[in-house]
Amino acid sequence: MKSPIISFENITYKYEDGTIALKDIILSIEHGKKIALIGNNGAGKSTLFLLLNGILKPTSGHIKYKGKKLSYTRKQIKHLRQQVGIVFQNPDTQLFSSSVYEDIRYGPKNLGLSSEKLKKTVHEAMILTETEYLKDKPPHFLSIGQKKRVTIAGIIAMNPELLVLDEPTAGLDPYYSEKVMLLLDNIHNKNRTVLISTHNVNLAYEWADEVFILDNGKIIEQGSPIEVFNNLEAIKQSHLERPWIMDICQNLNLLEKDYPKSKKELLEMMKLYSIQKDK
Amino acid sequence: MLKINDYAYISPLKDVHPTEKVVFALSALLFTILTKNLIIASITFATMSTGIVLGAKVPLYRYTRLLLLPSFFLLSSIIAILFSVAPIDSESINALWKFQTDSWQIYVSSYSINEAIHIVFTVLASVSCLYFIILTTPLNHLIWLLQKAHLPTLFIELAGFTYRFIFVLLEKIQEIYIAQSSRLGYQNYRIWLASLGALIVSLFIKSIRTTRDLQIAIDSRGGDEGLYEVELNIKYKQFHWAGIIFFIVVLLTISIS
(Lines give C-alpha, C1' and ligand atoms only; values in the text may rest on other atoms or scores of the structure.)
Protein backbone atom coordinates (compact mmCIF):
# COMPACT_ATOMS: atom_id res chain seq x y z
CA MET A 1 0.00 0.00 0.00
CA LYS A 2 1.17 3.52 -0.79
CA SER A 3 1.90 5.69 2.17
CA PRO A 4 -0.50 8.60 2.58
CA ILE A 5 0.28 11.88 0.78
CA ILE A 6 0.37 13.77 4.01
CA SER A 7 -0.12 12.77 7.58
CA PHE A 8 -0.38 14.92 10.69
CA GLU A 9 1.00 13.47 13.89
CA ASN A 10 -0.25 15.23 17.00
CA ILE A 11 -0.16 18.63 15.36
CA THR A 12 -0.80 21.63 17.57
CA TYR A 13 -0.72 25.17 16.28
CA LYS A 14 -0.73 28.19 18.51
CA TYR A 15 -1.01 31.78 17.32
CA GLU A 16 1.21 34.52 18.60
CA ASP A 17 -1.49 35.97 20.83
CA GLY A 18 -1.85 32.59 22.52
CA THR A 19 -4.97 31.38 20.73
CA ILE A 20 -4.76 27.67 20.06
CA ALA A 21 -5.98 27.12 16.52
CA LEU A 22 -5.39 23.38 16.31
CA LYS A 23 -5.10 20.88 19.13
CA ASP A 24 -3.37 17.55 18.79
CA ILE A 25 -4.58 16.79 15.29
CA ILE A 26 -4.04 13.28 13.96
CA LEU A 27 -4.97 12.96 10.32
CA SER A 28 -3.89 11.23 7.19
CA ILE A 29 -4.73 12.06 3.64
CA GLU A 30 -4.57 9.09 1.27
CA HIS A 31 -4.19 9.02 -2.48
CA GLY A 32 -7.20 9.31 -4.76
CA LYS A 33 -9.80 10.41 -2.21
CA LYS A 34 -12.54 13.00 -2.26
CA ILE A 35 -12.44 14.54 1.18
CA ALA A 36 -14.74 17.13 2.69
CA LEU A 37 -13.61 19.03 5.74
CA ILE A 38 -16.57 20.46 7.60
CA GLY A 39 -16.34 22.97 10.36
CA ASN A 40 -17.89 26.23 11.42
CA ASN A 41 -16.17 29.59 11.15
CA GLY A 42 -13.07 29.77 13.26
CA ALA A 43 -12.77 26.01 13.65
CA GLY A 44 -9.20 26.13 12.32
CA LYS A 45 -9.70 25.13 8.69
CA SER A 46 -7.53 27.84 7.17
CA THR A 47 -4.74 27.14 9.63
CA LEU A 48 -4.91 23.46 8.75
CA PHE A 49 -4.61 24.29 5.05
CA LEU A 50 -1.61 26.55 5.51
CA LEU A 51 0.09 23.76 7.45
CA LEU A 52 -0.54 21.39 4.53
CA ASN A 53 1.69 23.31 2.15
CA GLY A 54 4.27 24.47 4.61
CA ILE A 55 3.34 28.15 4.88
CA LEU A 56 2.90 27.66 8.61
CA LYS A 57 5.01 25.42 10.80
CA PRO A 58 3.31 23.49 13.60
CA THR A 59 4.00 24.58 17.17
CA SER A 60 4.35 20.94 18.16
CA GLY A 61 4.01 17.56 16.52
CA HIS A 62 5.20 16.76 13.04
CA ILE A 63 3.94 16.46 9.52
CA LYS A 64 4.93 13.57 7.29
CA TYR A 65 4.95 13.92 3.55
CA LYS A 66 4.82 10.49 1.87
CA GLY A 67 6.04 8.87 5.05
CA LYS A 68 8.99 11.21 5.47
CA LYS A 69 9.13 13.81 8.17
CA LEU A 70 9.03 17.38 6.84
CA SER A 71 12.19 19.27 7.69
CA TYR A 72 11.26 22.56 5.97
CA THR A 73 14.37 22.84 3.83
CA ARG A 74 13.99 25.07 0.76
CA LYS A 75 14.03 22.16 -1.60
CA GLN A 76 11.46 20.21 0.35
CA ILE A 77 9.16 23.21 0.66
CA LYS A 78 9.33 23.78 -3.07
CA HIS A 79 8.45 20.17 -3.74
CA LEU A 80 5.66 20.21 -1.17
CA ARG A 81 4.08 23.36 -2.58
CA GLN A 82 4.05 21.88 -6.04
CA GLN A 83 2.37 18.72 -4.79
CA VAL A 84 -0.14 20.47 -2.53
CA GLY A 85 -2.09 23.16 -4.37
CA ILE A 86 -4.40 25.46 -2.45
CA VAL A 87 -7.27 27.41 -3.96
CA PHE A 88 -8.07 30.12 -1.43
CA GLN A 89 -11.56 31.19 -0.59
CA ASN A 90 -11.25 34.76 -1.80
CA PRO A 91 -10.30 34.63 -5.49
CA ASP A 92 -9.33 38.29 -5.42
CA THR A 93 -6.23 37.74 -3.36
CA GLN A 94 -5.16 34.84 -5.48
CA LEU A 95 -5.39 36.57 -8.83
CA PHE A 96 -2.47 38.97 -8.71
CA SER A 97 -1.22 38.98 -12.29
CA SER A 98 -2.29 41.38 -14.99
CA SER A 99 -4.08 38.90 -17.22
CA VAL A 100 -5.80 35.55 -16.82
CA TYR A 101 -3.21 33.81 -18.97
CA GLU A 102 -0.32 35.19 -16.97
CA ASP A 103 -1.97 34.27 -13.73
CA ILE A 104 -2.45 30.65 -14.71
CA ARG A 105 1.13 30.57 -15.96
CA TYR A 106 2.59 31.90 -12.70
CA GLY A 107 2.82 28.59 -10.82
CA PRO A 108 4.10 26.31 -13.60
CA LYS A 109 6.54 29.00 -14.69
CA ASN A 110 8.01 29.06 -11.22
CA LEU A 111 8.44 25.30 -11.53
CA GLY A 112 10.89 26.04 -14.33
CA LEU A 113 9.10 24.29 -17.22
CA SER A 114 10.37 24.81 -20.75
CA SER A 115 8.38 27.38 -22.69
CA GLU A 116 6.77 24.78 -24.93
CA LYS A 117 5.74 22.61 -22.04
CA LEU A 118 4.56 25.67 -20.20
CA LYS A 119 2.27 26.66 -23.05
CA LYS A 120 0.83 23.17 -23.23
CA THR A 121 0.22 22.91 -19.48
CA VAL A 122 -1.50 26.27 -19.30
CA HIS A 123 -3.59 25.46 -22.34
CA GLU A 124 -4.74 22.15 -20.86
CA ALA A 125 -5.64 23.80 -17.58
CA MET A 126 -7.69 26.41 -19.43
CA ILE A 127 -9.53 23.80 -21.49
CA LEU A 128 -10.37 21.78 -18.40
CA THR A 129 -11.73 24.78 -16.54
CA GLU A 130 -13.35 26.41 -19.60
CA THR A 131 -11.43 29.62 -19.13
CA GLU A 132 -9.76 29.85 -22.51
CA TYR A 133 -12.04 32.62 -23.77
CA LEU A 134 -11.02 34.76 -20.79
CA LYS A 135 -7.31 34.41 -21.55
CA ASP A 136 -6.47 38.07 -22.23
CA LYS A 137 -8.81 39.68 -19.73
CA PRO A 138 -7.50 41.29 -16.57
CA PRO A 139 -8.67 39.33 -13.51
CA HIS A 140 -10.63 42.21 -11.98
CA PHE A 141 -12.96 42.26 -15.00
CA LEU A 142 -14.28 38.77 -14.30
CA SER A 143 -17.37 37.65 -12.44
CA ILE A 144 -16.89 35.65 -9.25
CA GLY A 145 -17.74 32.39 -11.01
CA GLN A 146 -15.13 33.09 -13.67
CA LYS A 147 -12.55 34.15 -11.12
CA LYS A 148 -13.07 30.94 -9.22
CA ARG A 149 -12.44 28.85 -12.31
CA VAL A 150 -9.30 30.81 -13.13
CA THR A 151 -7.91 30.28 -9.63
CA ILE A 152 -8.57 26.56 -9.98
CA ALA A 153 -6.86 26.56 -13.38
CA GLY A 154 -3.82 28.24 -11.85
CA ILE A 155 -3.46 25.42 -9.36
CA ILE A 156 -4.25 22.57 -11.77
CA ALA A 157 -1.54 23.85 -14.07
CA MET A 158 0.96 22.90 -11.36
CA ASN A 159 -0.37 19.34 -11.43
CA PRO A 160 -0.53 18.74 -7.67
CA GLU A 161 -1.25 15.38 -6.04
CA LEU A 162 -3.40 17.04 -3.44
CA LEU A 163 -5.73 19.82 -4.44
CA VAL A 164 -7.11 21.80 -1.53
CA LEU A 165 -10.05 24.16 -2.04
CA ASP A 166 -11.26 26.49 0.67
CA GLU A 167 -15.03 26.89 0.30
CA PRO A 168 -15.07 26.32 -3.47
CA THR A 169 -18.77 27.18 -3.80
CA ALA A 170 -18.89 30.21 -1.51
CA GLY A 171 -20.57 33.14 -3.24
CA LEU A 172 -21.46 31.18 -6.36
CA ASP A 173 -24.94 30.76 -7.76
CA PRO A 174 -26.33 27.19 -7.97
CA TYR A 175 -25.41 26.87 -11.64
CA TYR A 176 -21.75 27.77 -11.11
CA SER A 177 -21.60 25.80 -7.87
CA GLU A 178 -22.60 22.69 -9.71
CA LYS A 179 -20.14 23.46 -12.47
CA VAL A 180 -17.31 23.80 -10.00
CA MET A 181 -18.25 20.54 -8.32
CA LEU A 182 -18.36 18.77 -11.69
CA LEU A 183 -14.96 20.22 -12.45
CA LEU A 184 -13.65 18.82 -9.17
CA ASP A 185 -14.97 15.40 -10.19
CA ASN A 186 -13.06 15.68 -13.45
CA ILE A 187 -9.88 16.72 -11.75
CA HIS A 188 -10.03 13.96 -9.19
CA ASN A 189 -8.36 10.68 -10.19
CA LYS A 190 -6.83 7.68 -8.50
CA ASN A 191 -3.59 9.49 -7.81
CA ARG A 192 -4.97 12.89 -7.06
CA THR A 193 -6.88 13.66 -3.91
CA VAL A 194 -9.24 16.59 -3.77
CA LEU A 195 -9.88 18.13 -0.36
CA ILE A 196 -12.53 20.79 0.09
CA SER A 197 -13.73 22.70 3.08
CA THR A 198 -17.41 23.52 3.23
CA HIS A 199 -20.33 24.38 5.49
CA ASN A 200 -22.72 22.64 3.18
CA VAL A 201 -23.45 19.21 4.66
CA ASN A 202 -25.58 18.15 1.70
CA LEU A 203 -22.77 18.88 -0.68
CA ALA A 204 -20.30 17.01 1.51
CA TYR A 205 -22.65 14.05 1.76
CA GLU A 206 -23.22 13.72 -1.96
CA TRP A 207 -19.75 14.50 -3.21
CA ALA A 208 -17.22 13.20 -0.69
CA ASP A 209 -16.11 9.71 0.08
CA GLU A 210 -14.47 10.78 3.31
CA VAL A 211 -15.59 13.46 5.76
CA PHE A 212 -13.77 15.16 8.61
CA ILE A 213 -15.51 17.35 11.14
CA LEU A 214 -13.26 19.99 12.64
CA ASP A 215 -14.61 21.68 15.72
CA ASN A 216 -12.75 24.20 17.82
CA GLY A 217 -9.34 23.02 16.65
CA LYS A 218 -10.04 19.31 17.06
CA ILE A 219 -11.11 16.62 14.64
CA ILE A 220 -14.16 15.22 16.38
CA GLU A 221 -15.30 12.75 13.76
CA GLN A 222 -13.94 11.22 10.56
CA GLY A 223 -14.97 8.43 8.21
CA SER A 224 -17.41 7.78 5.38
CA PRO A 225 -20.18 10.39 5.05
CA ILE A 226 -22.83 8.00 6.37
CA GLU A 227 -20.76 7.08 9.41
CA VAL A 228 -19.98 10.69 10.17
CA PHE A 229 -23.51 12.01 9.74
CA ASN A 230 -24.89 9.20 11.88
CA ASN A 231 -22.93 10.56 14.80
CA LEU A 232 -25.63 12.90 16.00
CA GLU A 233 -23.65 14.12 18.96
CA ALA A 234 -20.73 15.31 16.85
CA ILE A 235 -23.13 17.04 14.49
CA LYS A 236 -24.84 18.83 17.32
CA GLN A 237 -21.57 19.82 18.96
CA SER A 238 -20.33 21.50 15.80
CA HIS A 239 -23.66 23.22 15.05
CA LEU A 240 -24.29 21.25 11.86
CA GLU A 241 -27.34 19.54 10.44
CA ARG A 242 -27.82 16.10 8.98
CA PRO A 243 -28.03 15.93 5.19
CA TRP A 244 -31.68 16.11 4.15
CA ILE A 245 -31.51 12.83 2.23
CA MET A 246 -30.62 10.95 5.41
CA ASP A 247 -33.39 12.66 7.35
CA ILE A 248 -36.02 11.81 4.78
CA CYS A 249 -34.96 8.20 4.53
CA GLN A 250 -35.15 7.77 8.23
CA ASN A 251 -38.49 9.55 8.62
CA LEU A 252 -40.17 7.57 5.86
CA ASN A 253 -38.64 4.31 7.01
CA LEU A 254 -37.23 3.79 3.58
CA LEU A 255 -34.12 2.17 4.85
CA GLU A 256 -33.70 -1.34 3.65
CA LYS A 257 -30.12 -1.35 2.55
CA ASP A 258 -28.00 1.73 2.29
CA TYR A 259 -28.71 5.42 2.29
CA PRO A 260 -29.10 6.76 -1.26
CA LYS A 261 -26.23 8.96 -2.31
CA SER A 262 -28.14 11.61 -4.28
CA LYS A 263 -31.57 13.03 -5.00
CA LYS A 264 -31.82 10.85 -8.09
CA GLU A 265 -31.10 7.69 -6.15
CA LEU A 266 -33.61 8.69 -3.50
CA LEU A 267 -36.35 9.23 -6.05
CA GLU A 268 -35.67 5.83 -7.62
CA MET A 269 -35.80 4.22 -4.24
CA MET A 270 -39.13 5.87 -3.46
CA LYS A 271 -40.55 4.74 -6.77
CA LEU A 272 -39.48 1.17 -6.11
CA TYR A 273 -40.95 1.39 -2.65
CA SER A 274 -44.35 2.58 -3.86
CA ILE A 275 -44.49 -0.17 -6.50
CA GLN A 276 -43.82 -2.78 -3.81
CA LYS A 277 -46.52 -1.26 -1.65
CA ASP A 278 -49.08 -1.42 -4.44
CA LYS A 279 -48.51 -5.09 -4.88
CA MET B 1 1.96 38.32 13.15
CA LEU B 2 -0.13 40.51 15.37
CA LYS B 3 -0.34 44.05 14.04
CA ILE B 4 0.17 46.98 16.35
CA ASN B 5 -3.42 48.17 16.28
CA ASP B 6 -4.53 44.69 17.38
CA TYR B 7 -2.64 45.21 20.61
CA ALA B 8 -4.65 48.36 21.27
CA TYR B 9 -7.91 46.44 20.98
CA ILE B 10 -6.89 43.65 23.34
CA SER B 11 -4.84 45.75 25.74
CA PRO B 12 -5.91 45.73 29.39
CA LEU B 13 -5.39 49.52 29.35
CA LYS B 14 -7.99 50.11 26.63
CA ASP B 15 -10.63 50.83 29.26
CA VAL B 16 -8.63 53.65 30.79
CA HIS B 17 -9.94 57.03 29.66
CA PRO B 18 -8.10 58.16 26.51
CA THR B 19 -7.64 61.71 27.84
CA GLU B 20 -5.78 60.34 30.83
CA LYS B 21 -3.48 58.26 28.67
CA VAL B 22 -2.82 61.02 26.16
CA VAL B 23 -2.22 63.70 28.82
CA PHE B 24 0.12 61.31 30.61
CA ALA B 25 2.15 60.40 27.51
CA LEU B 26 2.17 63.86 25.94
CA SER B 27 3.30 65.65 29.11
CA ALA B 28 6.18 63.21 29.37
CA LEU B 29 6.95 63.82 25.70
CA LEU B 30 6.89 67.56 26.24
CA PHE B 31 9.30 67.45 29.17
CA THR B 32 11.64 65.12 27.28
CA ILE B 33 11.85 67.33 24.22
CA LEU B 34 11.99 70.67 26.03
CA THR B 35 14.52 69.84 28.70
CA LYS B 36 16.71 67.43 26.68
CA ASN B 37 17.68 66.14 30.09
CA LEU B 38 19.11 62.64 30.25
CA ILE B 39 17.48 61.82 33.59
CA ILE B 40 14.06 62.92 32.42
CA ALA B 41 14.47 60.97 29.21
CA SER B 42 15.45 57.87 31.15
CA ILE B 43 12.53 58.19 33.54
CA THR B 44 10.10 58.71 30.66
CA PHE B 45 11.47 55.77 28.73
CA ALA B 46 11.38 53.50 31.77
CA THR B 47 7.83 54.52 32.73
CA MET B 48 6.40 54.18 29.25
CA SER B 49 8.15 50.86 28.61
CA THR B 50 6.89 49.48 31.91
CA GLY B 51 3.41 50.66 31.01
CA ILE B 52 3.58 49.02 27.59
CA VAL B 53 5.10 45.70 28.64
CA LEU B 54 3.50 45.18 32.06
CA GLY B 55 0.40 47.33 31.74
CA ALA B 56 -0.64 46.80 28.13
CA LYS B 57 0.85 43.27 28.07
CA VAL B 58 2.70 43.69 24.79
CA PRO B 59 5.31 40.88 24.61
CA LEU B 60 8.76 42.24 25.40
CA TYR B 61 10.38 40.97 22.20
CA ARG B 62 7.68 42.61 20.09
CA TYR B 63 8.18 45.90 21.88
CA THR B 64 11.93 45.67 21.36
CA ARG B 65 11.37 45.10 17.68
CA LEU B 66 9.02 48.08 17.51
CA LEU B 67 11.72 50.23 19.11
CA LEU B 68 14.17 49.10 16.46
CA LEU B 69 11.83 50.41 13.77
CA PRO B 70 12.91 54.07 13.99
CA SER B 71 16.52 53.05 14.64
CA PHE B 72 17.33 53.35 10.95
CA PHE B 73 16.54 57.06 10.98
CA LEU B 74 18.23 57.43 14.31
CA LEU B 75 21.39 55.74 13.07
CA SER B 76 21.64 57.84 9.94
CA SER B 77 21.28 61.10 11.85
CA ILE B 78 23.70 59.97 14.55
CA ILE B 79 26.39 59.32 11.95
CA ALA B 80 25.90 62.81 10.56
CA ILE B 81 26.17 64.37 14.02
CA LEU B 82 29.04 62.25 15.26
CA PHE B 83 31.48 62.84 12.42
CA SER B 84 32.55 66.29 11.42
CA VAL B 85 34.53 67.20 8.35
CA ALA B 86 36.93 70.14 8.23
CA PRO B 87 39.78 71.39 6.02
CA ILE B 88 43.15 70.07 7.16
CA ASP B 89 44.54 73.45 8.16
CA SER B 90 41.66 74.43 10.42
CA GLU B 91 42.34 73.88 14.09
CA SER B 92 40.04 71.29 15.53
CA ILE B 93 39.53 71.34 19.24
CA ASN B 94 38.93 68.25 21.38
CA ALA B 95 39.14 65.74 18.57
CA LEU B 96 38.90 62.31 20.17
CA TRP B 97 39.44 60.50 16.93
CA LYS B 98 40.82 61.77 13.69
CA PHE B 99 41.25 60.60 10.14
CA GLN B 100 43.21 62.70 7.73
CA THR B 101 43.50 62.75 3.98
CA ASP B 102 45.49 65.18 1.83
CA SER B 103 43.43 68.27 2.42
CA TRP B 104 40.53 67.19 4.65
CA GLN B 105 40.11 65.68 8.06
CA ILE B 106 37.25 63.73 9.55
CA TYR B 107 37.02 63.89 13.30
CA VAL B 108 34.84 63.06 16.29
CA SER B 109 34.74 65.61 19.07
CA SER B 110 33.58 65.15 22.65
CA TYR B 111 30.92 67.74 21.95
CA SER B 112 29.42 65.68 19.14
CA ILE B 113 29.49 62.54 21.27
CA ASN B 114 27.59 64.37 23.95
CA GLU B 115 25.10 65.62 21.37
CA ALA B 116 24.63 62.11 19.94
CA ILE B 117 23.96 60.60 23.35
CA HIS B 118 21.34 63.24 24.03
CA ILE B 119 19.65 62.55 20.73
CA VAL B 120 19.53 58.78 21.27
CA PHE B 121 17.94 59.25 24.70
CA THR B 122 15.47 61.86 23.55
CA VAL B 123 14.39 59.88 20.50
CA LEU B 124 13.92 56.62 22.38
CA ALA B 125 11.96 58.36 25.13
CA SER B 126 9.75 60.22 22.65
CA VAL B 127 9.09 57.11 20.60
CA SER B 128 8.14 55.19 23.72
CA CYS B 129 5.58 57.89 24.57
CA LEU B 130 3.94 57.59 21.16
CA TYR B 131 4.01 53.79 21.30
CA PHE B 132 2.31 54.01 24.68
CA ILE B 133 -0.59 55.89 23.09
CA ILE B 134 -0.80 53.75 19.97
CA LEU B 135 -0.52 50.42 21.76
CA THR B 136 -3.07 51.16 24.46
CA THR B 137 -5.69 53.31 22.73
CA PRO B 138 -8.03 51.94 20.04
CA LEU B 139 -8.56 54.15 17.01
CA ASN B 140 -12.11 55.19 17.87
CA HIS B 141 -10.98 56.49 21.26
CA LEU B 142 -8.32 58.59 19.57
CA ILE B 143 -10.93 59.94 17.20
CA TRP B 144 -13.18 60.81 20.09
CA LEU B 145 -10.31 62.76 21.57
CA LEU B 146 -9.58 64.59 18.31
CA GLN B 147 -13.24 65.54 18.08
CA LYS B 148 -13.20 66.88 21.63
CA ALA B 149 -10.18 68.95 20.62
CA HIS B 150 -12.43 70.47 17.93
CA LEU B 151 -10.21 69.62 15.03
CA PRO B 152 -11.81 69.91 11.57
CA THR B 153 -13.90 66.91 10.53
CA LEU B 154 -11.95 66.54 7.31
CA PHE B 155 -8.71 66.24 9.22
CA ILE B 156 -10.12 63.69 11.64
CA GLU B 157 -11.62 61.54 8.92
CA LEU B 158 -8.46 61.61 6.88
CA ALA B 159 -6.43 60.61 9.92
CA GLY B 160 -8.91 57.85 10.77
CA PHE B 161 -9.00 56.45 7.26
CA THR B 162 -5.26 56.62 6.82
CA TYR B 163 -4.58 54.84 10.07
CA ARG B 164 -7.20 52.17 9.40
CA PHE B 165 -6.09 51.56 5.84
CA ILE B 166 -2.45 51.08 6.72
CA PHE B 167 -3.52 47.87 8.40
CA VAL B 168 -5.97 46.88 5.67
CA LEU B 169 -3.12 47.26 3.21
CA LEU B 170 -0.80 45.16 5.37
CA GLU B 171 -3.45 42.47 5.57
CA LYS B 172 -3.88 42.44 1.79
CA ILE B 173 -0.12 42.25 1.30
CA GLN B 174 0.03 39.26 3.58
CA GLU B 175 -2.83 37.48 1.81
CA ILE B 176 -1.35 37.98 -1.64
CA TYR B 177 2.09 37.01 -0.36
CA ILE B 178 0.71 33.72 0.96
CA ALA B 179 -1.10 33.02 -2.32
CA GLN B 180 2.11 33.70 -4.24
CA SER B 181 4.25 31.57 -1.95
CA SER B 182 1.78 28.73 -2.34
CA ARG B 183 2.47 28.79 -6.03
CA LEU B 184 6.22 28.86 -5.58
CA GLY B 185 6.73 32.59 -5.78
CA TYR B 186 9.87 34.17 -4.29
CA GLN B 187 11.95 31.01 -4.83
CA ASN B 188 14.95 32.62 -6.50
CA TYR B 189 16.12 36.12 -7.32
CA ARG B 190 14.33 36.42 -10.66
CA ILE B 191 11.07 34.95 -9.46
CA TRP B 192 11.36 37.09 -6.34
CA LEU B 193 11.54 40.25 -8.41
CA ALA B 194 8.68 39.22 -10.71
CA SER B 195 6.52 38.22 -7.75
CA LEU B 196 7.17 41.47 -5.94
CA GLY B 197 6.25 43.40 -9.09
CA ALA B 198 2.99 41.49 -9.43
CA LEU B 199 2.25 42.09 -5.76
CA ILE B 200 2.74 45.84 -6.02
CA VAL B 201 0.72 46.19 -9.23
CA SER B 202 -2.19 44.13 -7.96
CA LEU B 203 -2.08 46.01 -4.68
CA PHE B 204 -2.56 49.28 -6.57
CA ILE B 205 -5.48 47.92 -8.55
CA LYS B 206 -7.09 46.39 -5.48
CA SER B 207 -6.63 49.59 -3.47
CA ILE B 208 -8.38 51.68 -6.07
CA ARG B 209 -11.21 49.20 -6.35
CA THR B 210 -11.57 48.93 -2.59
CA THR B 211 -11.75 52.71 -2.30
CA ARG B 212 -14.43 52.86 -4.92
CA ASP B 213 -16.44 50.13 -3.18
CA LEU B 214 -16.00 51.88 0.13
CA GLN B 215 -17.22 55.17 -1.33
CA ILE B 216 -20.29 53.39 -2.69
CA ALA B 217 -20.92 51.78 0.68
CA ILE B 218 -20.60 55.12 2.47
CA ASP B 219 -22.88 56.83 -0.04
CA SER B 220 -25.52 54.11 0.18
CA ARG B 221 -25.64 54.48 3.92
CA GLY B 222 -26.07 58.21 3.61
CA GLY B 223 -22.72 59.08 5.11
CA ASP B 224 -22.18 62.54 3.71
CA GLU B 225 -20.08 63.96 6.43
CA GLY B 226 -19.22 63.17 9.98
CA LEU B 227 -18.53 59.51 9.48
CA TYR B 228 -17.23 59.06 12.96
CA GLU B 229 -19.80 59.39 15.68
CA VAL B 230 -17.96 58.03 18.66
CA GLU B 231 -19.58 57.49 22.01
CA LEU B 232 -17.37 56.91 24.96
CA ASN B 233 -18.57 55.28 28.15
CA ILE B 234 -15.35 55.46 30.11
CA LYS B 235 -15.22 57.50 33.29
CA TYR B 236 -12.32 59.54 34.59
CA LYS B 237 -10.65 58.10 37.65
CA GLN B 238 -9.31 60.43 40.34
CA PHE B 239 -6.66 57.88 41.17
CA HIS B 240 -5.31 58.07 37.62
CA TRP B 241 -5.24 61.88 37.63
CA ALA B 242 -3.41 61.88 40.97
CA GLY B 243 -0.82 59.57 39.40
CA ILE B 244 -0.44 61.79 36.35
CA ILE B 245 -0.06 64.97 38.44
CA PHE B 246 2.48 63.25 40.67
CA PHE B 247 4.41 62.17 37.57
CA ILE B 248 4.40 65.70 36.15
CA VAL B 249 5.52 67.17 39.47
CA VAL B 250 8.42 64.69 39.62
CA LEU B 251 9.51 65.62 36.10
CA LEU B 252 9.14 69.31 36.90
CA THR B 253 11.28 69.13 40.03
CA ILE B 254 14.01 67.29 38.19
CA SER B 255 14.05 69.73 35.32
CA ILE B 256 14.15 72.76 37.63
CA SER B 257 16.84 71.46 39.94
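Visitor: Which residue is the bridge partner of Trp97(B) in strand 3 of chain B?

Guide: The model is a predicted one. In it, Trp97(B) has Val108(B) as its bridge partner in strand 3 of chain B. That pair belongs to a longer match: strand 2 of chain B and strand 3 (residues 104–109) of chain B are joined by 5 bridges in the antiparallel sense.

Visitor: In what order do the strands of that sheet in chain B stand?

Guide: The order is 1-3-2, in an open sheet of 3 strands with antiparallel pairing. Strand 1 (84–87) and strand 2 of chain B are at the edges; each has a single partner strand, so one side of each lacks a neighbour in the sheet. From one strand to the next, the twist averages 30°.

Visitor: Which helix packs on the sheet of chain B?

Guide: Helix 6 (residues 110–136) of chain B does, and it touches strand 1, strand 2 and strand 3 of chain B. The direction of helix 6 makes about 55° with that of strand 3 of chain B.

Visitor: Where in chain B is confidence lowest, and where is it highest?

Guide: Confidence is lowest in strand 2 (residues 95–100) of chain B, with a mean of 77, and highest in helix 3 (residues 38–55) of chain B, at 91. For chain B as a whole, the mean pLDDT is 85, and 94% of the residues reach 70 or more. For the complex, the predictor gives an ipTM of 0.75 and a pTM of 0.75.

Visitor: How many residues does each chain give to the contact between chain B and chain A?

Guide: Chain B gives 21 residues and chain A gives 22 residues. On the side of chain B, the elements that supply two or more residues are helix 8 (153–182) and helix 9 (189–220) of chain B. Helix 9 of chain B gives the most, with 8 residues. Sorted by class, the side of chain B that touches chain A has 11 nonpolar, 6 polar and 4 charged residues.

Visitor: What is the sign of phi at Tyr186(B)?

Guide: Start with the general idea. Most residues other than glycine have a negative phi. Tyr186(B) has a positive phi of about 60°, although it is not a glycine. The residue lies in the loop between helix 8 and helix 9 of chain B. Tyr186(B) is partly exposed, because 16 other C-beta atoms lie within 10 Å.

Visitor: Where in chain A is Glu167(A)?

Guide: Glu167(A) is in the loop between strand 7 (162–166) and helix 7 (174–187) of chain A. Its phi is positive, about 50°, although Glu167(A) is not a glycine. With 18 other C-beta atoms within 10 Å, Glu167(A) is partly exposed.

Visitor: How many strands form the open sheet of chain A with the order 6-7-8-3-9-10?

Guide: That sheet has 6 strands, and the pairing is mixed. Strand 6 (84–87) and strand 10 (218–223) of chain A stand at the edges with a single partner strand each, so one side of each has no neighbour in the sheet. The twist from one strand to the next averages 20°. Inside that order, strand 3 (residues 34–38) and strand 8 (residues 193–198) of chain A run parallel, joined by 5 bridges. Leu37(A), for example, has Ser197(A) as its bridge partner in strand 8 of chain A.

Visitor: Which residue takes a positive phi in the hairpin of strand 4 of chain A and strand 5 of chain A?

Guide: Lys66(A) does, with a phi near 50°, in a hairpin that has 2 residues between the strands. Strand 4 of chain A and strand 5 (residues 68–69) of chain A run antiparallel, with 2 bridges. Across this pairing, Lys64(A) stands opposite Lys69(A). Strand 4 (residues 60–65) of chain A also pairs with strand 1 (residues 6–14) of chain A, in the antiparallel sense over 5 bridges. There, Glu9(A) has His62(A) as its bridge partner.

Visitor: What are the bounds of the domains in chain A?

Guide: The domain assignment gives domain 1 (6–240) and domain 2 (243–279). The C-alpha centres of domain 1 and domain 2 of chain A lie 33 Å apart. Their contact takes 6 residues from domain 1 and 7 residues from domain 2 of chain A. On the side of domain 1, helix 8 (201–207) and helix 9 (225–230) of chain A are the elements that give two or more residues. Helix 8 of chain A gives the most, with 4 residues. By class, this side of domain 1 of chain A has 4 nonpolar, 1 polar and 1 charged residues.

Technical notes: Residues are numbered from 1 along each chain as its sequence is written. Chains are lettered from A and ligands numbered from 1 in the order in which they are written. This is a predicted model: local features need pLDDT of at least 70, side-chain atom pairs count only at pLDDT 80 or more; totals for chains, interfaces and linings use all residues. pLDDT is the predictor's confidence in each residue, from 0 to 100. Domain bounds come from an automatic or database domain assignment. Two residues are in contact if their C-beta atoms, placed from the backbone, lie within 7 Å. Ala, Val, Leu, Ile, Met, Phe, Trp, Tyr, Cys and Pro count as nonpolar, Asp, Glu, Lys and Arg as charged, and the others, Gly among them, as polar. Two strands pair if DSSP finds at least two bridges between them. Axes are lines fitted to C-alpha atoms, for helices over the stretch in contact, and angles run from 0 to 180 degrees between N-to-C directions. A residue is buried if 20 or more other C-beta atoms lie within 10 Å of its own, exposed if 12 or fewer, and partly exposed in between; C-beta atoms are placed from the backbone.
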